Each structure stands twice: as C-alpha cells, then as structure tokens.
Amino acid sequence: MKVVLFCGGYGMRMRSGAGVYDEAPKPMAMVGPRPLIWHVMRYYAHFGHTEFILCLGYGAHHIKDFFLNYEETTSNDFVLRGGRTELLSTDISDWTITFAQTGIESPIGERLRRVRHHLDGDEMFLANYADVLTDAPLPVMIDRFSRRDAGASMMVVPPQSSFHCVELGEDGLVGGITPVSELPMWENGGYFVLRQEIFDHIPENGDLVADGCAQLAKQGRLVAHQHRGFWKPTDTVKERAALDSAYARGDRPWAVWERDNSGVGA
C-alpha cells in the first residue's frame, strides 16, 4: 500500500529560536543519526509498505537534499575495500519516493487532495503526519479496517498530558483530582488507513480530521484503532530531545525493524 506523509508544515512548537531545527520542517528534526521522517518511513517499510508520497511545503529542499544525498553508511554496516564502500545492508534501496510540492500554507486535507492523482485510484492507502513514533501493530490495524465497511481508520491513544483535571463543587471546594492520562478519552494518534471515500468529505483547503474524518464519524464510517503501547509525538524541542536521548541509550521501542524480523509485527 502507498504511504502518504504530510511533511510540509512549519512546526512552530518545535522552534527554539536558533539552530538548524528552526530552518528545517519538523519531520527533519534528528532522532539519533536520522531525522524523524526516516524513522517513520522505516516503520512502514518494515511491514512491506515502501511506496511513499511526500507532501512537501515549508523547507522542502531540506527533505529533498536528505534523500538525494542519502548516506547509507550512516545507519548500515559496510566494508571499505580498496577505497570503495561495500554495503552489508541497505535502508532505502527498495523504496519508491514521490516528492510532491503541496503548498506552503495548505491544510493537511488540501495536501492530501493535491496528491490524489499519485495514488493511482488505489482503494486503500496509508497516511501519517511524519512526526510521531509508535510500535503499533500496523498489519493488525490494516486487517481490521479492511474487514469493516468504513471510509477511514484512525489510530487513537490515551491522553498524553501530564496535567491534572480538578473537579469543583458549587462552593468552590475540590471534589477530586484526576490525571488527564486517566480520563476515559482518546487522542488522535496520527496513523491513518484510508479509502478513496475520504476525498468525498474533504473540501478545497479542508482538513483531514476536522472535515474528512469528522464527516465520516457522523455517518458511522470512521473506525478507531485503540493503541496503548508506545506512542510519542514530537511537537516540542523537549519531546524531540527526549526521543534523541532514548535512542542514544538504546531505548527505542518504535524501531520495530531492529527486533522483529518477521515483517508482520506483534
């Protein structure tokens, strides 16, 4: 299945005011020796989905340059013999990547609309924000959706906030305190399985979730895949730094390709 990646936003919450991260789009922020978008693509490729459509916008040249000048030796073992490099493994040799400029200010729904012709009319395809890492069982997510009469599937996760909700009585006394993460609610996890039907519900300059998924939900045609495992966004510099530190100490549950050679996940 083809994978549409939205990687053209400004990523304002990621900006610190100085440095390379303020110049590149958020999916190009580094986690270990590779940018976020690479980790997301490796996740999909592990499960056999190696046809990618990149919805470019702000900072597109950073993404293009990364792949046009890709250094396989950064994340693969190799032998240097007679001054020539012999790779012992490869990351992206079997990938097909379409680079599509979808506008600087375009909402995500509009970005999707602008690459529809690259999907070749495929009944089902995958989509992702390109800045969220997970260990979710993708084949299970796809299989469950394929057996449902629905237009879209959205992975949902428990609330990630570390704040607490406070219950107040009419007299101003606190009746209870509950961590947001324990509330009976779910957040959009940013991993989608979509059918062509989604395009019927996204207007020009519309949004994938607020327009497309919301309309399908009203019709009872939106499926939620609940995931309680590893899931981490990178909306801020702090969140990216935490993932980078985890990578350095070998704590990277999202790297399913490093521990699961079955190609189907757990």
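Here is a walk through this predicted model, from an enclosed helix out to its salt bridges, a surface patch and a pocket.

Let's start with helix H1, which covers residues 36-46. Is H1 enclosed by the rest of the structure, or out in the open? Of its 11 residues, 11 are buried, so the helix is largely enclosed by the rest of the structure. The buried residues of H1 include Leu36, Ile37, Val40 and Met41, and also Trp38, Tyr43 and Tyr44. His39, Arg42 and His46 are on that buried list too. An α-helix makes a turn every 3.6 residues, so residues three or four places apart point the same way. Just past the end of H1, Gly48 has a positive phi of about 95°.

Arg42 is worth another look. Its side chain meets that of Asp91 in a salt bridge, with 3.9 Å from N to O. Asp91 sits in the loop between strand E6 (84-87) and strand E7 (96-101), while Arg42 belongs to H1, so this pair ties together parts that are 49 residues apart in sequence. Both Asp91 and Arg42 are buried.

That bridge is part of a bigger set: the structure holds 17 salt bridges. Another one to click on is Lys2 with Asp120, where the closest N and O atoms are 3.5 Å apart. Lys2 is in strand E1 (residues 2-7) and Asp120 is in the loop between helix H3 (108-114) and strand E8, so the pair ties together parts 118 residues apart in sequence. How do the two partners fare for exposure, buried or exposed? Lys2 has 10% relative accessibility, which falls under the 20% cut-off, so Lys2 counts as buried. Asp120 comes in at 58%, over the 50% cut-off, and therefore counts as exposed.

Next, try Arg221 and Asp149, whose side chains meet in a salt bridge at 3.2 Å, N to O. This pair also links distant parts of the chain, 72 residues apart. Arg221 is in the loop between helix H5 and strand E14 (222-226), and Asp149 is in the loop between helix H4 (138-146) and strand E10 (152-157). Arg221 is buried, with a relative accessible area of 19%, whereas Asp149 is exposed at 65% relative accessibility. Salt bridges can also share partners, and those that do so here join Lys2, Glu51, Asp120 and Asp122 into one network.

Now for a bit of backbone. Which residues other than glycine take a positive phi? Ala130 is one of them, with a phi of about 65°. Ala130 is in the loop between strand E8 (124-128) and strand E9 (132-134), and with a relative accessible area of 0% it is buried. Asn205 is another, with a phi near 60°. You'll find Asn205 in the loop between strand E13 (187-195) and helix H5 (208-218). Asn205 is partly exposed, with a relative accessible area of 46%.

Over on the surface, Val166, Leu168, Val174 and Ile177 form a nonpolar patch, and together they have about 400 Å² of accessible area. Strand E11 (164-168) and strand E12 (174-179) each supply at least two residues of this patch. Val166 is in E11, and at 47% relative accessibility Val166 counts as partly exposed.

The last stop is a pocket. Rolling a probe the size of a water molecule over the atoms shows where empty space is left. The second largest pocket has a volume of about 460 Å³. Of the 19 residues lining this pocket, Gln160, Lys232, Pro233, Glu239 and Ala242 are the closest to its centre. Which element gives the most to the lining? That's helix H6, with five residues. Strand E15 (231-233) and H6 (237-248) each supply at least two residues of the lining. By class, the lining has eight nonpolar, seven charged and four polar residues.

While you're at E15, have a look at Trp231, which lies in that strand. Trp231 is buried, with a relative accessible area of 7%. Its C-alpha atom is separated by 28 Å from that of Gln101, which is 130 residues away along the chain.

Terms used: Residues numbered from 1 in each chain as written. Predicted model: local features only at pLDDT ≥ 70, side-chain atom pairs only at ≥ 80, totals over all residues. Heavy atoms only, no water. 1 Å grid on protein atoms, 1.4 Å probe; cavity = no way out; pocket = protein on both sides within 12 Å on 5 of 7 lines; lining within 4 Å. Points joined across faces, edges and corners; volume = space filled by probe spheres on them. Helix = DSSP H or I, 4+ residues; strand = E, 2+ residues; numbered from the N terminus. Nonpolar A, V, L, I, M, F, W, Y, C, P; charged D, E, K, R; others polar. Patch = residues over 30% accessible without salt bridge, like charges linked within 9 Å, V, L, I, M, F, W, Y side chains within 5 Å. Areas by Shrake-Rupley, 256 points an atom, 1.4 Å probe, with all protein chains shown as cover. Salt bridge = Lys/Arg side-chain N within 4 Å of Asp/Glu carboxyl O. Buried < 20%, exposed > 50% of the residue type's maximum accessible area, 1.4 Å probe, protein only.
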